[in-house]
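Reader: I'm new to this and would love a close look at one part of the model, the small open sheet, and then whatever surrounds it in the story. Could you walk me through it slowly?

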Amino acid sequence: MAGKLGQHAVVVGASVAGLIAARVLAEHFDEVTAIEQDELSGQPVIHKSVPQGHHLHAMLAGGIKVMSSLYPDFTEELVRRGTTKVTLGRDVVWYLPDGKAYNPTGSIRAPFDSGIAVYCASRGLIEFVIRNQTAAIGNIRLMSATAVRELIFGQDRVQGIRTAEGRTLEADLVVDATGRGRRARQWLAAGGFLPPEETTIGLDTAYSTANFRRPPSFAGEPIIFITGPAPRFTRRGYVITIENGTLLVSLIGRFGDFPPIDKEGFLAFARELHSDLAYRIIRDGEQLCPIANHRFASSVQRHYERMTAFPRGFLVLGDALCTFNPIYAQGMSAAAKQGDVLHRVLSQCAAGSPSLDELAPTFFACAAEANSTPWNLAAAFDFAFPQTSGIRPPDIEQRTRYFAALDRLQCEDTEVRRLVMEVFQLLQPLSVLLQEPLRSRVLERIGVVR
């Protein structure tokens, strides 16, 4: 077929990142096979291999924008299945030690209508909708309960995969979307390739989560964060209204101060937060599931863009490429943004002399740029804790002063406020907050003359 880049592409991993990759690849290959090691259910349930699946998940506005371009019926289907639509600036609040706020720093104390909407749903429902809409595409085939054992190498390229049962699938392109493990690293080593460099931020964070039926006493906003400024406050509480009015309550702690998984300990941890909102829901609401716990040691950025030798016919995407601190709910949106990068790069390849030879270096360079915004935003919050390990940026103090002044400016200027929100929602790159004329306005506030 004219404009096609190959006959067959294989995606290893059919969770969110893998499904998005399969959807993008379907435009450029005759057939796409997405292989998932878990048994795929016909219901919105959590994959066994997604340990953080029971906890908070959100598609940020930047991710929703990409998903709506790939799946025109995406948000409508979420709403049909009971998802909560949320307007940023009005329906998302922070309960701080000194009162209620409408942004993470607490500088904005009055609600406002940003005109930017997001949707609150469980991870299971979000993935279920994506999977159904992906599977409806005619040239995509989903294989579940199938583990991939190794890549098949030949002539300095990946030529396919071999399953644990010994079955082989030939492919013009294989995409690793297996998540937070180290499968790609192992597979590359087996093919004689060195692993990528890694940047790690040690977080030592854990969270415990359960769902509750809304008690009659609850009348809060759809998204509530109970937080305090770092480094004094290491504990957090989240109350999120997911599908059909269910309340997801998540308690989070760092550096050994972790929330328990027994009901009594869970309740006691919530009681010690500076707001009793989560405590009252746990005490008065009907608990709908067991308390799930997940411990998260570190964020990891794998620098495939720096590799000088990499096999043709192979890509890495999603958490396998960059693992973000999950408490900021960036992962699915970052995967969507990487899918958008893949879509653009493949389209460029197809528009020229159709070839996959330069796909990997081009994709990894563009994906690294896309990942830099969520990575640096999360790192700024995480490095506010002295216990966080990792290489701090040499200009971290200057950055802190700059963004503190920017935060004060956004309280006075609604256009700046909108721009800051668009960056945090991954609609704009972080670099726009450092460009002129905004940069000079911020520097003037901190006494820097240019």
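Author: Sure, let's start right at that sheet. This is a predicted model, and in it you'll find an open sheet of 3 strands in the order β3-β7-β4, with antiparallel pairing. The edges are β3 (58-59) and β4 (84-87), each of which pairs on one side only. Now zoom in on one of the pairings: β4 is joined to strand β7 (residues 117-120) by 4 bridges, and these two strands run antiparallel. If you want a pair of residues to click on, take Lys85, whose bridge partner in β7 is Tyr119.

Next, have a look at helix α2, which covers residues 61-70. One of its neighbours is helix α8 (residues 331-351); the two pack at an angle of about 45°, and their axes are 8 Å apart. That angle makes α2 oblique to α8, because angles from 35 up to 65 degrees fall outside both the roughly parallel and the roughly perpendicular ranges. The crossing of α2 and α8 is left-handed. Who actually touches whom? On the α2 side there are Gly62, Gly63, Val66, Met67 and Leu70, and they meet Ser333, Ala336, Lys337, Asp340 and His343 in α8. Sort the residues of this contact by class and you get 4 nonpolar, 4 polar and 2 charged.

Helix α2 has another partner, helix α1 (residues 16-25), and here the packing angle is about 40°, with the axes 11 Å apart. So α1 and α2 are oblique to each other too, and their crossing is left-handed. In this contact, Ile20, Arg23 and Val24 in α1 meet Met67, Ser69 and Leu70 in α2. By class, that gives 4 nonpolar, 1 polar and 1 charged residues. Keep an eye on Met67 and Leu70: they appear in the contact with α8 and turn up again in the contact with α1.

While you have the model open, compare that sheet with a hairpin further along. Strand β9 (residues 148-154) and strand β10 (residues 157-163) run antiparallel and are joined by 6 bridges. Leu151, for instance, has Ile161 in β10 as its bridge partner. The hairpin leaves 2 residues between its strands, and Gln155 in the turn has a positive phi of about 55°.

That brings us to a few backbone oddities. Most residues other than glycine have a negative phi, and most peptide bonds are trans. Phe255 goes the other way, with a positive phi near 55°, and you'll find Phe255 in the loop between β16 (247-254) and α6 (263-271). As for peptide bonds, the one from Ala230 to Pro231 is cis, with omega near 0°; Pro231 sits in the loop between β14 (223-226) and β15 (236-241). The bond from Glu436 to Pro437 is cis as well, with omega near 5°, and Pro437 belongs to the loop between α11 (414-424) and α12 (438-445).

Finally, zoom all the way out. The chain holds 12 helices and 20 strands, and its C-alpha trace spans about 65 × 60 × 40 Å along the principal axes. For 450 residues, a compact globule would have a radius of gyration near 22 Å, and the chain has 22 Å, which agrees.

Methods:
Residues numbered from 1 in each chain as written. Predicted model: local features only at pLDDT ≥ 70, side-chain atom pairs only at ≥ 80, totals over all residues. Heavy atoms only, no water. Pairing = 2+ DSSP bridges. Axes fitted to C-alpha atoms, helices over the stretch in contact; angles between N-to-C directions. Parallel < 35°, antiparallel > 145°, perpendicular 65-115°, else oblique. Left-handed = near helix turned anticlockwise from the far one by under 90°. Contact = heavy atoms within 4.5 Å. Nonpolar A, V, L, I, M, F, W, Y, C, P; charged D, E, K, R; others polar. Rg over C-alpha atoms; globule rule 2.2 N^0.38 Å.
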